[in-house]
Amino acid sequence: MTSRQAVRDGQAPRTPEPRTPHRTPQQRTRTRIISPTARPARRSQDADAPTIALRTAIAPSATPEPPRGPRRETRREPRRAPRREKGRAPGRTAAAAVTTVTVLVPAHDEEDGIAATIEGLLAQESPEWLRIAGIVVIANNCSDRTAEIARRYPVTVLEMERNPDKKAGALNHGWQQACRGTEDADLVLTMDADTVLETDTVAAMAAELRGNAVLGAVCARYWATPGRGLVWRLQRLEYSRYDDLRDLRGWRVSVASGAAAMYRGAALEQVATVREAGVPWDGASLIEDYALTLELKARGWRVAAARNAHVHTTPPATFRALWQQRLRWGRGGMDECLKRGWSPATRTDCLSYVLFAFSVFFRVLFIAMLTLMIVYGVPFRYALIGLIPLGVMWLERVTSMWRLPDRGWRDVALVAVLVVEDFYGFFLELCAVVASWRCLNARRQAW
């Protein structure tokens with residue numbers, strides 16, 4: 001009906017609707033407000049390397065500028081609920097999830113140091129994404145007051161009076177009681193009862209595992225606890241030199257040191273399912289930490305040192321105790337390599353044993369040649385070029401010593417003289433040679 005007809009019929013004329021101007025495709029795009037959501041990080045391409053989801057957030061996207069022209073109402077899209085990860089409890093998103101750590105401390109007659117170890121754990125500074133779910137002290141065949149002292153603190157104490165598998169048996173018992181089948185062991189920290197952690201050690205180790213999906217375990221950088229005597233001082237320098245070596249290797253290690261090592265709970269479960277005993281640690285191994293490291297590497301996991309995690313451990317106090325320790329380490333490492341043979345997990349260590357054999361052979365050859373020259377009166381001739389290797393070795397030792405915390409003049413004197421450290425090196429090589437001989441002759445090595 002036209003306006004004139006409406007007037008004739010007595011009706012009010014209708015106001016014509018305004019025509020909507022032509023809009024470009026960009027103007028027809030709806031303005032969308034995206035709320036911050038959380039998403040898990042990309043997983044590793046390795047199917048056998050599950051990872052803990054990283055807590056990252058998508059920044060709010062900028063709202064596009066409204067097109068010029070007639071003002072229109074901005075339409076909001078309905079807010080979608082955050083996507084829940086598979087296996088998580090309802091209401092627990094990836095952004096709000098907390099990584100849990102359970103600590104296992106096997107202790108055998110450690111009444112002198114167990115209190116300092118527990119107090120170091122209780123003093124840990126945990127960020128909001130990390131929670132220490134429990135501390136479990138496993139009193140392993142103890143004949144002293146280790147369990148009694150541990151019970152003075154808010155920790156769980158498990159006593160094992162007859163444990164034939166020693167440290168490995170204690171770790172397996174603690175893992176079965178406190179870690180397996182629980183949600184409080186995303187990560188598992190194992191440490192010796194004579195080791196004291198710095199206040200940020202647990203957080204630093206957990207951050208390394210959260211930041212690298214293929215890492216199955218990390219170990220801490222260890223220093224010798226304060227002490228006295230030549231044996232302590234030589235081991236203190238040795239620890240510093242080994243720490244420099246790990247730095248040069250990009251913090252890759254051949255073993256997750258048992259002094260303080262943190263494992264993914266999923267990695268331990270994977271190793272336990274393939275072992276006949278159904279537990280991660282091998283009770284028949286002399287060095288259970290190295291055996292577990294090889295098991296992890298064989299299944300695609302990597303092992304490294306956490307560069308920001310530091311602990312202080314107590315070294316053997318006498319040359320006799322040091323001899324026994326290094327014999328066990330050397331024999332245990334060779335046994336594990338012979339058990340597994342040449343494989344991607346062991347080939348680097350096998351090559352190191354071959355190079356060590358060549359080194360010992362040439363050292364013996366040099367001593368024999370020097371002895372014959374003295375016996376037959378062969379004149380010595382010196383060449384300056386022969387001092388170059390000696391100078392490089394001296395410079396390397398000085399550099400390692402200089403990084404020691406609380407170094408003193410005795411440390412400087414030991415490095416400057418060179419002879420004392422050389423004899424210490426001969427002592428360690430002799431330990432390795434005896435361990436090799438016992439391994440090849442299948443002689444039993446005591447713990």
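Modeller: Before we start, buried means under 20% relative accessible area, exposed means over 50%, and partly exposed is in between (1.4 Å probe, protein chains only). This is a predicted model, where local features need pLDDT of at least 70, side-chain atom pairs count only at pLDDT 80 or more, and totals for chains, interfaces and linings use all residues. Residues are numbered from 1 along each chain as its sequence is written, and side-chain values use heavy atoms, with hydrogens and water left out.

Biologist: Okay, how many residues of strand 8 are buried?

Modeller: Strands (E, at least two residues) and helices (H or I, at least four) are DSSP runs, numbered from the N terminus. Strand 8 covers residues 215-224 and is mostly covered, so to speak. The buried count is ten of its ten residues.

Biologist: In what order do the eight strands of the open sheet sit?

Modeller: Two strands pair if DSSP finds at least two bridges between them. The pairing in this sheet is mixed. At the edges, strand 5 (156-160) and strand 7 (195-197) each pair on one side only. Reading across, the order is 5-4-3-6-9-8-10-7.

Biologist: Which residue stands opposite Val218 in strand 9?

Modeller: Look at both sides of strand 8. Eight bridges join strand 8 to strand 10, running parallel, and there the partner of Val218 is Ala304. With strand 9 (residues 260-264), strand 8 pairs in the antiparallel sense over three bridges. Opposite Val218 in strand 9 you'll find Met262.

Biologist: And what is the bridge partner of Ala107 in strand 4?

Modeller: Start with strand 3 (residues 99-107) and strand 4 (residues 130-140), which run parallel and are joined by nine bridges. In strand 4, Ala107 has as its partner Ala139.

Biologist: Let's try a helix: why is helix 9 largely enclosed, and how many of its eleven residues are buried?

Modeller: Helix 9 spans residues 288-298. Its buried residues include Glu288, Tyr290, Leu292 and Leu294. It is largely enclosed by the rest of the structure because the buried residues number nine of the eleven.

Biologist: What comes right after helix 9, and what is its phi?

Modeller: Helix 9 is followed by Gly300. The phi of Gly300 is positive, near 90 degrees.

Biologist: Last one: what is the relative accessible area of Phe380?

Modeller: Find Phe380 in the loop between helix 11 (347-375) and helix 12 (387-402). Phe380 is partly exposed, and its relative accessible area is 42%.

How values were computed
Contact means heavy atoms within 4.5 Å. Axes are lines fitted to C-alpha atoms, for helices over the stretch in contact, and angles run from 0 to 180 degrees between N-to-C directions.
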